[in-house]
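Subject: Structure for you to look at

Hello,

Here is the structure I said I would pass on. Please open it first, and then read the notes below it.

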Amino acid sequence: DAAGCAHVAVKLGGRALWAPLVGAEGAPVCAPAPQAAVVPAVPRKSRVRSPQFPEPGYYIQVAAFRQTANADQTVRWLQGAGLEALRQDFPRRHGVLRLIYAGPFGDRAALAAGLAAVRGLGFRDAFVWDRR
């Protein structure tokens, strides 16, 4: 929402309703401002670009956005869920594509928990990069 609070879809009586995501203390999961590290993409001669991660580990690619506000909102949701967020900007012909990642995760158990958290926030197409 506009305050930076995360929501989850809840089925009630066959209808999907959106409810605020509540943390361990019972308060809504909100973050005041995104603080994701932004790692600049390394220019390459080929059109294929690969993310540059700051340290080894598993990373979850959460989403890609053209709008900065949408990318920042996703970072707030990830941080509200207790995940580290990383944003990488890729220049495109008509603007910039902002990719959002969660991680790094050091082992498969942490990765599985992180992937479940990301998908629980509604990012069902999230996938993993192995940069160990």
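With which residue does Arg87 form a salt bridge whose closest N and O atoms are 2.9 Å apart? The partner is Asp89. A salt bridge here is a side-chain nitrogen of Lys or Arg within 4 Å of a carboxyl oxygen of Asp or Glu.

Before the rest, two notes on the source. This is a predicted model, in which local features need pLDDT of at least 70 and side-chain atom pairs count only at pLDDT 80 or more, while totals for chains, interfaces and linings use all residues. Residues are numbered from 1 along each chain as its sequence is written, and side-chain values use heavy atoms, with hydrogens and water left out.

Salt bridges

The structure holds 3 salt bridges. Besides Asp89, Arg87 also meets the side chain of Asp72, at 3.5 Å from N to O. Asp72 is in helix α1 (residues 68–80) and Arg87 is in strand β5 (residues 85–92), so this pair ties together parts that are 15 residues apart in sequence. Helices (H or I, at least four residues) and strands (E, at least two) are DSSP runs, numbered from the N terminus. Asp72, Arg87 and Asp89 are thus linked in a network of salt bridges.

For accessibility, buried means under 20% relative accessible area, exposed means over 50%, and partly exposed is in between (1.4 Å probe, protein chains only). Arg87 has 13% and counts as buried, whereas Asp72 has 21% and counts as partly exposed.

Another salt bridge joins Arg132 to Asp130, with the closest N and O atoms 2.6 Å apart. Arg132 is exposed at 61%, and Asp130 is partly exposed at 39%.

Nonpolar cores

A nonpolar core is a set of buried Ala, Val, Leu, Ile, Met, Phe, Trp, Tyr and Cys residues joined through side-chain atoms within 4.5 Å. The largest one has 19 residues, and those that touch the most other members are Ile60, Val62, Leu78, Ile100, Ala102, Phe105 and Val118. Two or more residues of this core come from each of β4 (57–65), α1, β6 (95–105) and α2. Strand β4 gives the most, with 5 residues. A second, separate core has 7 residues, including Phe53, Tyr59, Leu86 and Leu99.

Val62 shows what such a position touches. Contact means heavy atoms within 4.5 Å. Leaving aside neighbours within four places in sequence, Val62 is in contact with Thr74, Leu78, Ile100, Tyr101, Ala102, Val118, Phe123 and Ala126.

Aromatic rings

Rings of Phe, Tyr and Trp (its six-membered ring) pair if their centres lie within 6.5 Å; planes under 30 degrees apart count as stacked, over 60 as edge-to-face and the rest as tilted. The structure holds 5 aromatic pairs. One of them is Phe53 with Tyr59, which is stacked, at 3.9 Å centre to centre and 10° between the planes. Phe53 is buried at 16%, and Tyr59 is buried at 1%. Both belong to one aromatic cluster with Tyr101, Phe127 and Trp129.

One helix position

Ala116 is in helix α2 (residues 108–120). Ala116 is exposed, with a relative accessible area of 51%. Between Ala116 and Ala126 there are 9.8 Å in space, C-alpha to C-alpha, and the two are 10 residues apart in sequence.

Regards
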